Amino acid sequence: MDHRDLRLLDDDALERSSVVANSDMNRERRLPAYRRELGVDVLALLRGADRVVRRLDLCCGTANALFEAGHELGDRVEIVGVDLVGYFAGPPRPPRLRLVTASVATWVPDATFDLITCVHGLHYVGDKLGVIARAASWLTDDGLFAANFDVRSVRRADGTPAGRRLTAALRASGLVYDARNRRVSRRGRGQIDLPWSYLGADDRAGPNYTGQAAVDSYYAFG
């Protein structure tokens with residue numbers, strides 16, 4: 001099926017979709033979820049630094065885990081959480097925690113980060129490859145980016161999965177793709193230039209490997 005036969009949504013329409021703008025789905029996670037889902041022990045990683053570190057969590061949900069990290073690490077860490085819905089947990093808020101209600105597709109930070117995470121958030125983003133590339137450019141020289149990412153949710157214009165061509169391109173760009181755990185990561189800031197044009201998203205793709213309804217993203221591959 002060609003993408004022209006689908007009702008592909010642009011970012012504005014997608015973010016109004018009930019699949020994406022959902023205040024209940026995958027939002028109450030705590031710190032252990034980052035180790036389980038991304039293989040990242042957030043506290044151990046940030047405690048090991050010899051300076052104040054900066055952490056960014058994309059699609060942070062209620063930000064419960066960010067509150068936990070902020071209280072544990074105190075003045076040793078600055079934390080930013082970004083979420084489309086903005087249904088954040090209540091006070092007391094750690095002094096170095098900033099929560100932003102915004103789309104991860106358009107939000108731009110004012111500094112680089114030592115750790116950028118996104119737990120299952122890319123499943124509901126339209127231009128997934130664009131967000132991955134932008135996050136890589138926001139890292140410090142030795143920073144870590146880690147996110148859940150299902151390659152099968154990226155489609156060519158004719159509807160077929162991007163498959164091995166995409167995973168090869170990600171790896172050639174300095175990203176690590178873990179097919180078994182469906183994770184993408186990168187160590188150190190870099191410019192990711194994937195020559196594929198985003199066409200739009202399908203919010204009727206149905207459940208992905210998590211069992212939750214997700215979004216397929218369509219690209220014209222150069």
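Here are a few questions and answers on a sheet and the nonpolar cores of this predicted model.

Me: Before we start, what are the ground rules on numbering and confidence?
Reply: Residues count from 1 along each chain as its sequence is written, and side-chain values use heavy atoms, leaving out hydrogens and water. Since the model is predicted, local features need pLDDT of at least 70 and side-chain atom pairs pLDDT 80 or more, while totals for chains, interfaces and linings use all residues.

Me: Which strands stand at the edges of the sheet S6-S10-S9?
Reply: Strands here are DSSP E runs of at least two residues, helices H or I runs of at least four, numbered from the N terminus; two strands pair if DSSP finds at least two bridges between them. The open sheet runs S6-S10-S9 with mixed pairing. Each edge strand has a single partner, so one side of it lacks a neighbour in the sheet: that's S6 (154-156) and S9 (196-207).

Me: How many bridges link S9 and S10?
Reply: S10 covers residues 213-221 and pairs with S9 in the antiparallel sense. Gly-206, for instance, sits opposite Ala-214 in S10. The bridge count for S9 and S10 is eight.

Me: Which element gives the most to the largest nonpolar core?
Reply: A nonpolar core is a set of buried (under 20% relative accessible area, 1.4 Å probe, protein chains only; exposed is over 50%, partly exposed in between) Ala, Val, Leu, Ile, Met, Phe, Trp, Tyr and Cys residues joined through side-chain atoms within 4.5 Å. The largest one has 39 residues, with Leu-56 and Trp-107 among those with the most contacts inside it. S1, S2 and H6 are among the elements supplying at least two residues each. The top contributor, with six residues, is H5.
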